[in-house]
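Please look over the sequence and the structure shown below before reading on. The report that follows takes up the packing of some helices and then a pocket.

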Amino acid sequence: MLEGMNRNDITEQIVVARLQAGLSWQDLADAIGRPVVWTTSALLGQHPLPVEAAKIVVDTLGLDAAAVPVLAAVPMRGALDSPVPTDPTIYRFYEAVQVYGTAIKELIHEQFGDGIMSAINMSVDLQKKPHPSGDRVVVTFDGKFLPYEWVSAAER
């Protein structure tokens, strides 16, 4: 049934099956014992699932078992339809980085030194915070600091 299908096709099947089953992303995260942001990202095609987790998702959503190795394969990460995202929710993150990115970069260098925040060794959390003027979205990126280490050819 999945012959010739790609990761995008399976992602679409996951989204449809989840909605048809009345399951939340949190329900699926609980089923595989992983954080909800990571699980959602993985099921949308941005991370490989461990084989056992892929089997649970496939069984839970009633998908063809042939989807398991595709879900477990390393995906092409970070692929959006356009260089500047057009979805309003995703665009607001892009906009926030455009406005605050240089300040965040300066503060990282000032407080940690010359380096970057890892997106590989990272956790992401999303919380809903009640506020008198309207609920707030709290997104936390918790990434390991990676200092730049300049090594000469002789030191390698």
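Is the crossing of H2 and H4 left-handed or right-handed? In this predicted model, the crossing of H2 and H4 is right-handed.

**Helix packing**

Two packed helices are described by the angle between their axes and the distance between the axes. The table gives these values for two pairs that share helix H2.

| Pair | Axes come within | Crossing angle |
|---|---|---|
| H2 (residues 25-32) and H4 (residues 51-61) | 9 Å | roughly 135° |
| H2 and H3 | 9 Å | roughly 100° |

With axes that cross at roughly 135°, H2 and H4 are therefore oblique to each other, since this angle falls outside the range of 65 to 115 degrees that counts as roughly perpendicular and is not over 145. On the side of H2 the contact is made by Leu28, Ala31 and Ile32, while H4 brings Ala53, Ile56, Val57, Thr60 and Leu61. Sorted by class, the residues of this contact of H2 with H4 are seven nonpolar and one polar, with no charged residue.

For the other pair, the crossing at roughly 100° makes H2 roughly perpendicular to H3. Here H2 takes part through Trp25, Gln26, Leu28, Ala29 and Ile32, and H3 through Val36, Trp38, Thr39, Thr40 and Leu43. The contact of H2 with H3 has seven nonpolar and three polar residues, and again no charged ones. Leu28 and Ile32 of H2 are thus named in the contact with H4 as well as in the contact with H3.

**The largest pocket**

The largest pocket of the model has a volume of about 2,600 Å³. It is lined by 49 residues, of which Val37, Ser41, Gln46, Val124 and Phe141 are the closest to its centre. Which elements give two or more residues to this lining? They are helix H1 (7-21), helix H3 (36-43), helix H6 (88-112), strand E1 (115-129) and strand E2 (136-147). H6 provides the largest share of the lining, with twelve residues. By class, the lining of the largest pocket consists of 29 nonpolar, 15 polar and five charged residues. Helix H3 therefore appears in both parts of this report, as a partner of H2 in a roughly perpendicular pair and as one of the elements that line the largest pocket.

Terms used. Residues numbered from 1 in each chain as written. Predicted model: local features only at pLDDT ≥ 70, side-chain atom pairs only at ≥ 80, totals over all residues. Heavy atoms only, no water. 1 Å grid on protein atoms, 1.4 Å probe; cavity = no way out; pocket = protein on both sides within 12 Å on 5 of 7 lines; lining within 4 Å. Points joined across faces, edges and corners; volume = space filled by probe spheres on them. Helix = DSSP H or I, 4+ residues; strand = E, 2+ residues; numbered from the N terminus. Nonpolar A, V, L, I, M, F, W, Y, C, P; charged D, E, K, R; others polar. Axes fitted to C-alpha atoms, helices over the stretch in contact; angles between N-to-C directions. Parallel < 35°, antiparallel > 145°, perpendicular 65-115°, else oblique. Left-handed = near helix turned anticlockwise from the far one by under 90°. Contact = heavy atoms within 4.5 Å.
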